Amino acid sequence: MIVDFEYAGERLSDFGLIIASVDGSSGSDVLEWANQLESQTIRNKISGKSYSTSTSYSDDYTVTYQIIKYSCNSGNIQYISDTEWRYLERWLNRKGNLRFTPISDNTEFCGYHFYGSFNISPIKIDGDIIGAELTFNSNAPYGFGDTVSIDVNSTSMEVYSNSDELGLLPIKMTIKPSKAGNLTIVNSLMKIYEPEKSTTVIKKCIANETISLDSEHLIISSSNASHLKLYNDFNYVYPQLYTNYVNQVNKFTFSVQCKVHMEFEPIRKVGVLV
């Protein structure tokens with residue numbers, strides 16, 4: 001169960017608030033986990049079997065729970081003042097998808113986070129606010145693990161993709177080639193399963209320029225203003241990781257020695273247990 005959470009760099013416990021059930025319920029027999037798939041199907045008229053034409057996640061992940069203001073010294077629930085409530089609204093109810101990290105009393109359920117926003121409603125007794133009901137709306141159907149960062153200075157590197165989702169995983173990569181010329185980057189695992197997306201080519205590289213590639217937002221840039229035609233020199237195949245059920249080792253090879261920095265967030269098909 002989660003005992004605390006961090007949102008946009010601040011923790012619930014910093015404000016004397018705890019996660020609790022005001023209506024007396026606790027836990028659930030059926031949990032809304034972050035992995036709900038929905039298939040579009042057609043039925044074979046002869047066999048009566050249904051065949052999937054496409055499969056996708058039905059909704060982004062959402063979870064609802066309650067918080068109260070609690071005094072550890074007295075052991076009593078305390079009222080939330082109007083000023084405190086306005087601060088809660090300002091902290092939690094923001095536009096934009098900010099980082100939400102549940103903090104669990106079970107270490108096996110730590111080390112993951114979501115991005116999204118909160119809706120917040122007051123819980124009152126006799127006109128006084130004693131707590132709030134929070135609904136977190138994620139911008140994805142699943143969570144993410146802690147950011148993995150890797151640095152090498154080589155002509156090759158091996159990266160293990162431990163994502164819970166099979167298939168492609170976007171990454172951020174910066175490359176500093178040791179000499180000028182054309183640069184080719186090949187992911188050997190992608191060459192087996194997604195060959196058309198396995199090879200990145202950047203022509204006319206300048207020695208020691210830093211080229212940044214973001215395969216989620218499809219952005220490429222250079223630290224060297226002299227590489228004016230970078231967009232024309234790029235084949236628009238962004239490096240990515242691939243997760244196969246039996247093989248998760250992605251071996252990247254570089255046609256020239258490079259200083260490489262890679263970052264990615266593995267997908268985690270988890271939920272918030274309250």
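How many salt bridges does the count come to by the rule applied here? In this predicted model, the count comes to five salt bridges. Among them are the pairs described below.

| Acidic residue | Basic residue | Closest N and O atoms |
|---|---|---|
| glutamate 6 | arginine 11 | 3.8 Å |
| aspartate 146 | arginine 99 | 3.9 Å |
| aspartate 164 | arginine 268 | 3.5 Å |

**Glutamate 6 and arginine 11.** A salt bridge joins glutamate 6 to arginine 11, with 3.8 Å between the closest N and O atoms. Glutamate 6 is partly exposed at a relative accessible area of 29%, and arginine 11 is likewise partly exposed, at 37%.

**Aspartate 146 and arginine 99.** The side chains of these two residues, aspartate 146 and arginine 99, meet at 3.9 Å, N to O. Distant parts of the chain are thereby linked: aspartate 146 lies in the loop between strand 11 (143–145) and strand 12 (148–160), whereas arginine 99 belongs to strand 8 (residues 98–104), 47 residues apart. Aspartate 146 has a relative accessible area of 45% and is partly exposed; arginine 99, at 33%, also counts as partly exposed.

**Aspartate 164 and arginine 268.** Here the closest N and O atoms of aspartate 164 and arginine 268 are 3.5 Å apart. This pair, too, links distant parts of the chain, with aspartate 164 in the loop between strand 12 and strand 13 (167–170) and arginine 268 in strand 21 (residues 267–268), 104 residues apart. Aspartate 164 is partly exposed, with a relative accessible area of 35%. Arginine 268 has a relative accessible area of 18% and is classed as buried because this value falls under 20%.

Notes. Residues numbered from 1 in each chain as written. Predicted model: local features only at pLDDT ≥ 70, side-chain atom pairs only at ≥ 80, totals over all residues. Heavy atoms only, no water. Salt bridge = Lys/Arg side-chain N within 4 Å of Asp/Glu carboxyl O. Buried < 20%, exposed > 50% of the residue type's maximum accessible area, 1.4 Å probe, protein only. Helix = DSSP H or I, 4+ residues; strand = E, 2+ residues; numbered from the N terminus.
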